[in-house]
Amino acid sequence: MGAEPQPVQVFDHDVDTVLLAADPTAVLAALRQVPQHRRPVLDPDLLRFYADHFPDHTIAMCCFENADAQRAKPLLLWYHPLDPDRLTVPALDSHTGAAPDLDAAVTVDHWVLLSTDQAPSGWGTPVAYPGDIRHRLRAFLPTTVVGRHFGYAQTLPNGDFTISHRDLLSGDLDRIERLQPTCH
């Protein structure tokens, strides 16, 4: 009764302790709720970067012990996009634990796979799933996808991958661009 909503939701999923936060800077204090053996050491500047550059987003932090990573089950998130006319795939690069350098050119090795519920018949490549996949989960997964590989020591500006829904439906994957966040 009268309890204040928590700034960070903390829950266990399989081998992960998951933290969901509208304000990434609130994650540091919430880490006290994560078992010590799963608790990462985080740079406060990294969390401030996400708060400054993605103010309308929720951050999901999955905390796990490396020994358990091979047996982890996927975590499926369902959300309404901020821009329904554009699909964006997170790909900011920072392997140091510090905030990403938006001025850096980074070497990429990514498969960008995309799908849409609005794809016409005959669009994309059919996806084959294992026969033992749960029916409830299967209902959320795409039946067809399209994709493009960015790699072979290709260097691109640091950022996410993005494409308009119209270009995705037309199959014009050459229209995938790199998108850099702006500070708000």
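Is Asp68 buried or exposed in this predicted model? At 16% relative accessibility, Asp68 is buried, and the panels below start from there.

**Panel A. Arg71 and Asp68 meet in a salt bridge.** The N to O distance between these two side chains is 3.5 Å. The partners sit on either side of the accessibility scale: Arg71 is exposed at 56%, whereas Asp68 counts as buried because its 16% falls under the 20% cut-off. This pair belongs to a set of 6 salt bridges.

**Panel B. Lys73 reaches Asp14 from another loop.** Here the side chains form a salt bridge with N and O 3.7 Å apart. Lys73 is in the loop between strand S3 (59-63) and S4, and Asp14 is in the loop between strand S1 (8-13) and strand S2 (16-21), so the bridge ties together parts 59 residues apart in sequence. Lys73 is exposed, with a relative accessible area of 54%, while Asp14 comes in as partly exposed at 32%.

**Panel C. A salt bridge inside helix H2 links Asp52 with Arg48.** The closest N and O atoms of this pair are 3.0 Å apart. Both residues belong to helix H2 (residues 44-53) and are 4 residues apart, or about one turn of the helix. Asp52 is partly exposed at 24%, and Arg48 is partly exposed too, at 40%.

**Panel D. Thr144 sits in strand S7 of an open sheet.** The sheet has 3 strands in the order S5-S7-S6, with antiparallel pairing. S5 and strand S6 (125-126) are the edge strands; each has a single partner, so one side of each is left without a neighbour in the sheet. S6 and S7 are joined by 2 bridges, and Pro126 stands opposite Thr144.

**Panel E. Zooming in on Thr144, a buried residue.** Its relative accessible area is 16%. A polar atom of the Thr144 side chain lies 3.4 Å from the backbone oxygen of Trp123. Beyond its close sequence neighbours (within four places), Thr144 touches Leu114, Ser115, Trp123, Gly124, Thr125, Pro126 and Val127.

**Panel F. Ala91 is tucked into a loop but still buried.** The loop in question runs between strand S4 (86-89) and strand S5 (105-114), and Ala91 has just 7% relative accessibility. What is Ala91 in contact with, leaving aside neighbours within four places in sequence? The contacts are His110, Asn158, Gly159, Asp160, Phe161 and Arg178. Take Phe161: it is 70 residues from Ala91 in sequence, yet the C-alpha to C-alpha distance is 6.5 Å.

Terms used. Residues numbered from 1 in each chain as written. Predicted model: local features only at pLDDT ≥ 70, side-chain atom pairs only at ≥ 80, totals over all residues. Heavy atoms only, no water. Buried < 20%, exposed > 50% of the residue type's maximum accessible area, 1.4 Å probe, protein only. Contact = heavy atoms within 4.5 Å. Polar contact = N/O pair within 3.5 Å; in protein donor to acceptor, adjacent residues only side chain to side chain. Pairing = 2+ DSSP bridges. Salt bridge = Lys/Arg side-chain N within 4 Å of Asp/Glu carboxyl O.
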